[in-house]
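Student: Could you take me through one part of this model slowly? I would like a close look at the largest pocket and what surrounds it.

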Amino acid sequence: LANSGGVACSYFEWEQNLNGKKYKKEDVLKRLEKLMSIAFEKVWAESIKNKCSLKEASYLVALNKIFGK
């Protein structure tokens with residue numbers, strides 16, 4: 001999560017260019033905050049559920065996404 005904010009913003013930039021739109025800074029920051037909050041909550045919940053570190057929980061969240069769980 002620590003490094004994914006820049007990647008997410010790059011996606012938002014790609015999306016706006018693809019659609020010929022211009023996003024306001026405030027809107028991008030709101031979207032980013034929502035995206036990061038949801039991601040953190042998923043990792044936190046997985047960490048609690050499996051009694052593991054946040055690093056291990058992030059791998060579990062990713063694997064669950066890959067394998068459709």
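Tutor: Happy to! Keep in mind that this is a predicted model. Let's begin with the kinds of residue in the lining of the largest pocket: ten are nonpolar, two are polar and two are charged. The pocket itself has a volume of about 330 Å³. Its lining is made up of 14 residues, and those closest to the centre are Leu1, Ser4, Leu35, Ala39 and Lys65. Try finding these five in the picture, and you will have the middle of the pocket marked out.

Now for the elements around it. Three of them each give two or more residues to the lining: α1 (4-19), α2 (25-50) and α3 (54-66). Of these, α2 gives the most, with six residues.

Let's follow two of these helices a little further. For α3, we can check the length: 13 residues at 1.5 Å a residue should span 18 Å, and the C-alpha atoms at its two ends are indeed 18 Å apart, so the expected and modelled spans agree. After α3 comes glycine 68, which has a positive phi, near 70 degrees.

In α1, have a look at glutamine 16, which sits in that helix. Its relative accessible area is 12%, and because buried means under 20%, glutamine 16 counts as buried. Leaving aside residues up to four places away in sequence, glutamine 16 touches Lys21, Lys22 and Tyr23.

Definitions and conventions:
Residues numbered from 1 in each chain as written. Predicted model: local features only at pLDDT ≥ 70, side-chain atom pairs only at ≥ 80, totals over all residues. Heavy atoms only, no water. 1 Å grid on protein atoms, 1.4 Å probe; cavity = no way out; pocket = protein on both sides within 12 Å on 5 of 7 lines; lining within 4 Å. Points joined across faces, edges and corners; volume = space filled by probe spheres on them. Helix = DSSP H or I, 4+ residues; strand = E, 2+ residues; numbered from the N terminus. Nonpolar A, V, L, I, M, F, W, Y, C, P; charged D, E, K, R; others polar. Expected span 1.5 Å × (residues − 1). Buried < 20%, exposed > 50% of the residue type's maximum accessible area, 1.4 Å probe, protein only. Contact = heavy atoms within 4.5 Å.
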